[in-house]
Amino acid sequence: MDKRALSAIPRPVLTDKNKEMLLLVPHISYLATASRQEVNGIDTLIINFFHAEEKELKPAFRTFCQPDDYITQDLTTDKTKWKTGAINYLTGYLYWYRNGGNIAVASAEEREIILGFLYEFKKRHDTKDYDRCMAQGGSVTDTELEDRIDEYQDKIKEWKLQEKHNKEKAEIDLQMEKFGDAPEDYDRFVREKVFGEEHYIFYSTANKSAYCTSCELDFELDKEKHLRHKKIPIWNHLDKVKHNHTVLCPYCGKYLKCKSEGMSRQSLFAVQWSVLVQKHEENVLVRYFCHTKDFRINYRNPEITTMEKFRTVHTAEMAKDFEWARFRSIYDYRWCIFHDRKYSGWCPPAEITVPRSAVLYNENLLDTVSGTCMKYSAVDIYIDKIVNNSILLNKPWTIDWYFNQYRKTPYLEQLLKIGFYKIVQSVMEDHNCPEFQNGKTVLETLGINKLQFNMLREVGNPTVRDVMILRYAKEIRQEDFKLLRYIHDDGYDKMYEKYLDMRQYTTIYKVDKYINKQRIKHDADYFDYISWLEEMGYDMRNEFNLYPKDFKNAHDDKSKEYVKFKDKRAKEDIKRFNRLLKKIRKNTSDVDAMNLRVEGMFIRLPAQLDELKKEGEILHHCVGTYVDRVAKGETMIFFIRQEADPDKPFFTLEWKGRVVQCRGYRNCDMTPEVKAFVEIFQEKMAEYENAPNKQRKVG
């Protein structure tokens with residue numbers, strides 16, 4: 001519709017006769033007037049609605065109706081505003097009445113104008129109903145008038161929805177053209193590989209016979225119910241045939257479960273899934289097939305069915321997922337866009353609906369993806385070394401997950417080719433994995449030097465934890481690295497960091513030897529003891545302090561001493577905080593919050609959202625996870641820095657109308673100096689937010 005031409009039509013004006021309708025129709029909510037004219041050569045019905053407010057009619061909206069579309073203009077504002085809602089929605093689902101009620105048409109002539117347009121629309125699309133209406137002499141009840149308008153707008157909405165669906169279907173069909181037929185040997189693959197273990201031995205005690213569905217041979221049962229072939233000299237004298245017992249087939253050599261012919265076979269219905277990877281030009285196609293094998297009707301010739309349920313198109317930029325399902329909740333089964341591949345919770349879907357495991361058809365994925373966007377993905381190594389040696393193959397979307405992850409982190413190729421499979425698996429499973437870089441070399445990717453890389457190569461197949469030890473240590477002896485690899489972490493505490501921190505006082509070997517000699521069950525107890533000594537100012541190079549003869553007694557004594565020390569320190573901190581707060585208030589009386597710079601500290605906003613991740617990594621807290629909330633404007637993050645080292649993270653502050661939290665290294669609490677600084681910042685921010693808009697210095 002030409003909105004510019006429609007908005008140029010003069011707005012409706014009430015006549016004196018229209019205004020009298022308020023007196024004639026006491027319960028009126030809306031008064032409707034109508035006109036009909038051509039707009040750019042298109043027949044257009046204009047229905048104007050005036051809202052009754054305090055015994056006065058005010059313009060509300062007007063709806064432009066054309067043979068193939070409608071649109072509504074808001075008349076409550078001088079600006080041109082458009083609405084797409086139907087009339088019954090905009091009026092609050094009120095009823096149309098001729099002589100009184102919620103919505104009234106201003107005159108019989110205008111009523112006929114509305115009906116005339118709707119009759120012509122009805123004639124074009126429903127001749128029978130049109131003839132019926134004309135047979136009634138054109139007489140239409142108020143309810144039918146309302147129905148005619150609803151039918152007209154519903155028809156337009158149906159056309160628009162159909163047009164939208166056709167466009168979506170065309171885009172899907174364009175992607176589906178990339179998929180061809182399955183390989184010629186796919187049926188054989190399903191029988192031999194997918195259902196290779198889905199076999200039974202059916203037997204009849206009365207007939208003294210048995211049948212193996214794997215080798216498809218008939219056997220006879222001797223007096224002891226042993227299997228023996230009638231013509232071929234093969235037998236099994238060890239296993240007796242019994243319902244639901246497993247016996248060895250003497251011909252194919254498989255251990256199969258026995259099923260009596262006289263027992264019910266309702267449960268002998270197997271479901272399996274297979275995965276086929278193909279290519280189309282530079283795209284990689286992943287296809288998921290659901291297979292069923294039914295022994296219930298004829299166990300000698302079980303029925304095998306195959307249905308393709310899911311497809312994925314991988315390009316260099318993204319992946320598009322599709323499923324065979326009912327399109328948009330209408331009864332049209334076809335390929336649709338699949339929006340969510342997560343299935344979990346208390347009620348997982350049936351295995352015939354969503355795969356729980358899958359069998360891969362491709363024996364050489366490297367050849368399959370050659371020449372595509374995934375040609376360097378090393379997916380063949382991933383399948384051979386990781387998937388086949390873990391439970392990942394039982395994950396239904398394993399290959400898709402890998403391609404999606406590789407698209408984000410192409411360094412996986414480097415790690416796979418040098419044999420760092422455990423690190424790749426951690427990246428795929430996202431188990432406390434640090435953020436590696438997409439470096440040109442493995443050293444850049446892992447953030448280590450050549451000497452550290454050689455240490456990892458000696459390990460053979462290192463873990464992410466091994467990398468984190470080396471990154472934290474920066475420099476470390478081979479012996480210490482080997483020792484730290486086998487020290488267990490305690491919950492969220494990374495014990496290797498505590499051992500490495502002790503190098504400023506002693507050696508890692510001595511610490512480990514002492515902990516073992518004293519039979520300290522939890523390493524954290526020893527490091528708590530060390531932290532108390534550090535905070536209380538003990539000489540940490542004195543081995544008498546580091547390694548007391550009786551650790552248990554020393555730990556208990558220092559624990560009591562530390563509690564007294566903290567109580568004394570707390571009182572001193574309160575006094576120091578009050579003195580600092582008084583001094584800072586005096587020195588910053590004319591300073592706004594954003595420019596607060598005092599006592600060697602200042603505050604600033606992050607220059608980029610990526611700074612939040614770096615801040616969290618250096619200070620070892622979780623501000624890096626706040627990126628989405630900051631981007632959405634749900635909260636604000638400030639960095640508190642020291643003027644002596646402005647680029648080094650010091651404390652991180654969250655503001656949400658108030659100071660929500662302020663954390664330092666490893667979520668430590670604020671020092672008195674920082675606490676006083678934050679107190680002043682909060683006061684300044686409160687002044688800023690309560691000030692008139694014209695006085696604000698920043699937005």
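1. Two strands count as paired if DSSP finds at least two bridges between them. Helices (H or I, at least four residues) and strands (E, at least two) are DSSP runs, numbered from the N terminus. Glu220 stands opposite Arg228 in S10. S9 and strand S10 (residues 227-228) are antiparallel, with two bridges. Five residues lie between these strands in their hairpin, where Lys225 has a positive phi near 65 degrees.

2. A word on the basis. This is a predicted model, where local features need pLDDT of at least 70, side-chain atom pairs count only at pLDDT 80 or more, and totals for chains, interfaces and linings use all residues. Residues are numbered from 1 along each chain as its sequence is written, and side-chain values use heavy atoms, with hydrogens and water left out.

3. On its other hairpin, S9 pairs with strand S8 (residues 209-212) in the antiparallel sense, over four bridges. Ala210 stands opposite Phe219 in S9. Four residues separate S8 and S9, and Glu216 in the turn has a positive phi of about 60 degrees.

4. Look along strand S9 (residues 217-221). Leu217, Phe219 and Leu221 point to one face and are buried (under 20% relative accessible area; exposed is over 50%, partly exposed in between; 1.4 Å probe, protein chains only). Asp218 and Glu220 point to the other face and are not buried. In a regular strand, side chains alternate between the two faces of the sheet.

5. Now the open sheet. Six strands run in the order S5-S4-S3-S2-S1-S6, with mixed pairing. Strand S5 (81-83) and strand S6 (103-105) are the edges, each pairing on one side only. Neighbouring strands are turned by 30 degrees against each other on average, direction ignored. Axes here are lines fitted to C-alpha atoms, for helices over the stretch in contact, and angles run from 0 to 180 degrees between N-to-C directions. Strand S4 (residues 69-74) and S5 are antiparallel, joined by three bridges. Thr72 stands opposite Lys83 in S5.

6. Helix H4 (residues 108-125) packs on this sheet, touching strand S1 (30-39), strand S2 (42-52), strand S3 (57-66) and S6. Contact means heavy atoms within 4.5 Å. The direction of H4 makes about 55 degrees with that of S1.

7. Cys65 is found in strand S3. Is this residue buried or exposed? Cys65 is buried, at a relative accessible area of 3%. Leaving out residues up to four places away in sequence, Cys65 touches Asp43, Thr44, Leu45, Tyr70, Phe117 and Tyr152. Cys65 and Leu118 are 53 residues apart in sequence and 9.5 Å apart in space, C-alpha to C-alpha.

8. The largest pocket holds about 2400 Å³ of space. On a 1 Å grid over the protein atoms alone, a pocket is an open set of points with protein on both sides within 12 Å along at least five of seven lines; a cavity is a set where a 1.4 Å probe fits but cannot get out; lining residues have an atom within 4 Å of a point. Grid points are joined across faces, edges and corners, and a volume is the space filled by probe spheres set on the points. Of the 48 lining residues, Lys494, Glu497, Glu617, His620 and Arg666 are closest to the centre. Helix H22 (610-619) gives the largest share of the lining, six residues.

9. The structure holds two cavities of 30 Å³ or more. The second largest has a volume of about 40 Å³. Its lining includes Trp96, Glu146 and Asp150. H6 supplies the largest share, three residues.
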